[in-house]
Amino acid sequence: MNGEHKITSGHRGRAALVYLRQSTLVQVREHTESTMRQYALADVAVRLGWAPGDVEVIDRDLGLSGTSAAHRAGFRELMSRVCLGEVGAVLGLEVSRLARSNADLARLAEMARLTGTLLIDSDGVYDLSDFNDWLVLGLKSTMSQAELHIMAGRLQAAKLAAAERGDLRAPLPVGLVYDDEGEVAVDPDAEVQAAVADVFACFAAAGSAYGVVAAFAGRKFPQRAYGGAWAGQLRWGPLTHHRVLQVLKNPAYAGAYVHGRHVTRKRVDADGNVRTSTAEVPRAEWKVLIKDHHPGYVTWEEYLAVEARLQANWTASGARTVREGSALCQGIIYCGSCGGPMVANYQGGDRANYECHSRRDGKKAPGCRGIATAALDDAVARVLLDALTPEQVALALAAADQVAGQHQRASRAAELAVERARYDADRAERAFSQVEPENRLVARTLEARWEARLATLAEAEQALESAAAALPPLPDRDTIARAATDLPALWHAPTTTARDRKRLLRTLIADVTLMPEPDRAKARIGIRWHAGTAGQLIIDRPGPSGIPAATPSPAADLVRRLGPATGNDDLVAILNQRGYLTGAGRPFDVKAVQWVRRVYGVPVPSPVAAGEVSVKDAAAMLGCSAGVVYYWIEAGQLEARRHGNRLCIPWTQDVEAACRDRIAASGHLNPEARRTRPRKTPRCPAEEPQMSAAPGSI
Ligand SMILES: [Zn+2]
C-alpha cells in the first residue's frame with residue numbers, strides 16, 4: 001500500500017478504527033458489495049500490522065446520511081476517540097468521504113494531525129503532519145463536496161424541469177388516480193368520489209373544518225396507503241380534523257399541478273444539533289403552479305374561497321369567528337376612536353353592550369364609547385335587509401338547493417356503501433361455490449368469509465335505512481320561494497339562529513365601526529360592505545334602561561315620602577292608582593320602584609314589627625355573634641318569623657332569659673362554664689354552635 005512506511009510501532013500500539021458509513025438504508029440493502037468492502041478494511045488493518053484485538057469497527061452510522069455529523073453517533077464517537085489520542089489510524093473506504101461535509105472532515109483532519117493519527121484508505125496512508133498528505137486530503141475533500149453539489153444540482157434541475165412541464169409524478173391524494181396513460185384522473189370508484197366531493201360540499205354548508213368532521217360522524221373516509229403492508233390500497237377510517245384540512249388545502253383537488261408546496265428547513269437547536277423540519281410555502285412562492293392540469297373536484301376560484309374561509313376561521317392569527325351570542329356584529333365591530341376591536345359584553349338576559357377592548361387594556365382613547373348591542377344591531381340589520389331586496393330570492397333558493405343536495409348526498413353515500421358490500425358478498429359467494437367440496441379446510445375458510453361479508457352487507461343496508469329515516473322532510477321549492485320574498489320575517493323568525501344571522505351578515509358586510517360622535521345622544525355607525533362601498537348612519541342612542549333622574553318628580557317625591565315605611569308592592573299599587581308613569585312612559589312595576597329607591601337612596605321599610613327584634617339586634621343585646629342566633633333559630637331553640645329574606649324574632653323577657661341561660665351553660669360560649677364542667681360529661685351537640693353557626697362566633 002502507498003505510504004505503508006509512515007506506519008510506526010507507535011501507531012500500531014494504539015487502536016485502528018474502521019469507520020463504516022452508507023447514506024441510506026437502500027444503499028445498505030442494495031449496495032452490499034460496498035458494505036462488504038468496508039468490513040474487509042478490518043483485514044487490511046491486520047495486514048498492516050495491527051493486532052486483531054486492536055481493530056475496532058464503528059458501524060453505527062450505516063443508513064444515516066452524511067451531510068452533517070449531528071445525528072451520526074458513530075462519527076462523534078470516532079472524533080472523541082481521536083481527540084483522546086487513543087487511535088493510531090482511522091480506516092475508511094475513501095477517506096475524503098468519511099464525512100460528507102467539509103467542515104466535519106476538516107475537524108477530523110485537524111484532530112488527527114494534533115494527535116498523530118493516520119488516515120488510511122484504499123489509495124494509501126495519510127499522515128496529516130506531512131504537508132503533502134494534508135494538501136492531498138484537503139483537495140480530495142473539496143472535490144468530493146463539489147461532486148456532490150454537481151450531482152445534486154443535475155438531479156434537482158432535471159426534477160424541476162419535469163415539474164415545470166407538469167410531468168413529475170408525485171403521490172396523488174385519495175380521490176385522484178393515474179390512469180393507464182399516466183394522466184391524473186378522478187378515481188373511478190364512485191364511493192371514493194362521493195366522499196371527497198362531500199368534504200367540499202359539507203365545508204360550503206358548515207363553514208368550518210370541524211363542521212365537516214361533525215357531518216361525517218359515523219361515516220368513513222378513504223385514505224390511500226403509501227408504503228408498508230397496505231401500499232396502494234384504500235383504507236377506510238374516521239375523518240379527522242387534520243384530514244379535512246389536508247383535503248381542503250390540497251390544490252390537486254382544484255385540478256392544479258403544484259410543485260414546491262413544502263420546503264425542508266434546517267435550524268440549530270439548543271444543543272447545537274441541526275434539526276430538519278417541513279414547512280408550508282405561501283402560495284405566491286410555489287415553484288410550479290399549473291392550473292387546469294387535470295380534472296378536479298372544485299374550481300380554482302372555489303379553492304381560493306375555501307382558503308380565505310379557513311384563514312377567517314383561524315383564531316390563532318387574530319380572526320374573530322362567529323360565536324353563539326346574540327350580538328349580531330360580534331367579531332366585525334371596531335372602535336372608531338382607537339381603532340381597536342369592540343367586544344360584546346353580556347350582562348345577563350338579552351342585555352349586552354359593545355365595549356371597546358382598549359378599555360380593558362387601559363389604552364382607552366378619550367372618544368372610546370360603548371353602545372347597547374340591541375340599538376346598533378337593529379340599525380345594521382335594517383340596513384342589511386334593505387340592501388338584500390334584489391338578491392334575496394336567488395340567495396334563499398341557492399341555500400335551499402344546497403340543503404337538498406346535502407340530503408341527497410347523505411343517503412347516496414349509504415347507497416354506495418351497500419353496493420360495495422353487496423359486491424364483496426357476491427364475490428365471496430362465488431369463491432365459496434367454486435371450491436371443491438372435498439377441500440374442506442379451504443371451503444370452511446371461504447364460508448366463514450362469505451358469512452362475514454353477508455353480515456357487513458346487512459349492516460350497510462341497516463345504515464342506509466336509518467340514513468333515509470333520519471332525514472327530515474324538506475319544504476318544497478315554492479314554500480321556500482314564498483318565504484324568501486319576506487326576508488325580514490325569516491330574519492326575525494325564532495327558528496333563525498343568531499349564528500345564521502351573523503353568517504348572512506358577514507357575507508355582505510365586511511366590518512362595522514362605531515365612529516366618534518360629539519352629540520352624546522347620538523351614535524354614528526360606519527358600515528363597510530364587501531362590495532367595496534362604505535356608508536354611515538346616525539341613530540339615537542337609547543336612554544338608560546331605568547328611570548334615574550328622568551322619573552317625573554311627583555312620582556319620585558311620592559316614593560321618597562312613602563318609601564321608608566311602605567313596601568314595594570304597595571308603592572306600585574299607589575303609583576299606578578294615581579296614574580303616574582315611568583320616565584319611559586310605562587306603568588310602574590316593582591323593578592321600576594326598586595330603581596327609584598336606588599337612585600334616591602330611599603331605604604326599604606324594616607320588616608321588624610313592634611315587639612320583635614332583628615337577628616343583628618338580638619346578637620348585640622346578648623353580646624354574642626349573629627351566627628349563634630341564626631344557629632338557635634335553625635335548631636328550633638328560638639322562635640322567628642321569616643319576612644322576605646329577613647328574620648324577625650318575637651322578643652320578650654322570657655325569650656331573652658332563655659337565651660342568656662343557653663350562653664351561660666355552653667362551654668364554647670362561656671369559657672368559665674367549661675372550666676367547672678367535668679371532662680367526661682357527654683356534650684350535647686345542640687350546644688355546640690360552632691358546628692353550623694358562623695365560624696368564630698365568640
Ligand atoms: Zn376605543
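What geometry does the site of the zinc ion have, judging by the angles among its four donor atoms? Keep in mind as you click around that this is a predicted model.

**Stop 1: the zinc ion.** Select the ion and bring up the side chains of Cys335, Cys338, Cys356 and Cys368. Each of these cysteines offers its SG atom as a donor, at 2.1 to 2.3 Å from the metal. Check the angles among the four donor atoms: they run from 96 to 117 degrees, and the site is tetrahedral.

**Stop 2: the spacing.** Now colour the donor residues along the chain. Their pattern in sequence reads C-x2-C-x17-C-x11-C. Pick out Cys335 in strand β14 (residues 333–335) and Cys356 in strand β16 (residues 352–356); the pair ties together parts that are 21 residues apart in sequence.

Switch on a surface here. Are these two cysteines buried or exposed? Cys335 is buried, with a relative accessible area of 4%, and Cys356 is buried too, at 2%.

**Stop 3: Asp187.** Leave the metal and jump to Asp187, which sits in the loop between β7 (184–186) and α7 (190–206). With a relative accessible area of 6%, Asp187 counts as buried.

Show polar contacts next. A polar atom of the Asp187 side chain lies 2.9 Å from the backbone nitrogen of Asp189.

Finally, expand the selection around Asp187, skipping residues up to four places away in sequence. What does Asp187 touch? You should pick up Gly175, Leu176 and Val177, along with Val192, Gln193, Arg224 and Tyr297.

Technical notes:
Residues are numbered from 1 along each chain as its sequence is written. This is a predicted model: local features need pLDDT of at least 70, side-chain atom pairs count only at pLDDT 80 or more; totals for chains, interfaces and linings use all residues. Side-chain values use heavy atoms; hydrogens and water are left out. Donors are N, O and S atoms within 2.8 Å of the metal (3.2 Å for Na, K and Ca); water is not among the atoms, so sites may look incomplete. Four donors count as tetrahedral if all angles lie between 85 and 135 degrees; four count as square planar and six as octahedral if opposite donors are over 155 degrees apart and all others between 65 and 115; anything else is irregular. Helices (H or I, at least four residues) and strands (E, at least two) are DSSP runs, numbered from the N terminus. Buried means under 20% relative accessible area, exposed over 50%, partly exposed in between (1.4 Å probe, protein chains only). A polar contact is a pair of N or O atoms within 3.5 Å; within protein, one must be able to donate a hydrogen and the other to accept it, and residues adjacent in sequence count only if both atoms are side-chain atoms. Contact means heavy atoms within 4.5 Å.
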